[in-house]
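Biologist: Before we begin, may I ask you to guide me through the reading of a metal site and a ligand site?
Modeller: Certainly; let us place the structure before us.

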Amino acid sequence: MYNTKAYAAVSATSPLSSTTIDRRDLTEHDVQIEILFCGVCHSDLHSVRNEWGGTVYPIVPGHEIVGRVTEVGSAVTKYKPGDLAAIGCMVDSDLTCPHCKVGLEQFCQNVILTYNSPDKHLGGVTYGGYSNSIVADERFVLRVPDNLDLAGVAPLLCAGITTYSPLRHWGVTEGKKVGVVGLGGLGHMAVKFAHAFGAHVVVFTTSPDKTEDALRLGADEVVVSRNAEEMQKHAGSFDFILDTVSAKHDINAYLNLLRLDGNITLVGAPEKPLDVAAFSLIMARRSLSGSSIGGIAETQEMLDFCGKHNITADVEVVPIQKVNEAYERLLKSDVKYRFVIDMASLKSE
Ligand code: NAP
Ligand code: ZN
């Protein structure tokens, strides 16, 4: 066991602050990574403030982790000290269940998330990436393409895979009309991917000042969702809509934009339930689904795709001392388009 610096919250109403946590000594399959950058996901905020229930304190959030390998266990084959490496939302699963066997570890009943999951090595719960060092099984460590800006890579580990996976699953390709609801961390990655897959992309935003950015990121059209008339123009026309909104909103307004057999997939996870009017679904055999991150193999596929197509997140790099401020700005939809913590700032605490 060794110590590393971290930022933790001790209750749902406390700010994150500096602390020291334990990390395990390496077992044979483990990789130790010095964390260079960690993205700030809205899920970190939901968890820190216990909006979904089940948060164990202290919590060290962070599941968009990139860094450099510092040490490897004796049986590790994929990594050596000095390599770039990344960790996303999961650090373990049972690897034997039907989901794990087909590369859908995120749906394993025994999945261990990067933070706030039972830690079978040290007891207590797992601690995430708002820290200087982490240890994980090499099967949950990802290779990072070496041509990409590292700060911009970090958000790919959650915002990237969470949008890439459902866009692939629902067959988003050239000729499809695709909506992205909410232009935040997830939303801006969805726009980049849907555009790269050749779709006609329409962004729905509550922030009119994001219009120009949306077009620059790859949107073909932008709709200010509070304008009912503009919304109505798109009624019954979408093949697929990805909803990334983090707070309660009217999903029927979007269901009604789907064509026959169209699908809307929720990746946003608001604290409060959404109301669905039966007729929004019934009238055009529409469907409403959800999606959770993506499996390890698909996450690697996504990173390799990003390397090939030069895709990274648009980031605002902040020192860890500004993380509480970043949370307040997230709540105001004031993020362009992902906060990423430069973990060097924690070393000087
Ligand atoms: P984010 O950066 O805060 O973006 C959310 C965006 O939603 C905002 O920028 C805003 O976009 C829009 N929005 C916020 N409040 C709204 C409201 N009251 N009404 C309408 N639109 C609103 O958050 P994120 O990190 O992208 O995460 C988004 C959600 O996905 C969170 O709930 C998060 O927990 C969840 N998530 C799920 C998964 C998964 O596996 N399913 C993975 C990661 C995150 P505009 O300004 O454009 O309107
Ligand atoms: Zn996340």
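**Reading the zinc and ligand sites**

Modeller: C41 is buried, with a relative accessible area of 3%; buried means under 20% relative accessible area, exposed over 50%, partly exposed in between (1.4 Å probe, protein chains only). This is a predicted model, in which local features need pLDDT of at least 70, side-chain atom pairs count only at pLDDT 80 or more, and totals for chains, interfaces and linings use all residues. Residues are numbered from 1 along each chain as written, ligands are numbered from 1 in the order written, and side-chain values use heavy atoms, without hydrogens and water.

Biologist: Which protein donors does the zinc ion (ligand 2) have?

Modeller: Donors are N, O and S atoms within 2.8 Å of the metal (3.2 Å for Na, K and Ca); water is not among the atoms, so sites may look incomplete. Here they are C41 (SG), H63 (NE2) and C158 (SG), 2.0 to 2.2 Å from the ion. Their sequence spacing is C-x21-H-x94-C. H63 is also buried, at 8%.

Biologist: Which polar contacts does ligand 1 make with K210 and S291?

Modeller: A polar contact is a pair of N or O atoms within 3.5 Å; within protein, one must be able to donate a hydrogen and the other to accept it, and residues adjacent in sequence count only if both atoms are side-chain atoms. A polar side-chain atom of K210 lies 2.7 Å from an oxygen atom of ligand 1, and a polar backbone atom of S291 is 2.9 Å from a nitrogen atom of ligand 1.
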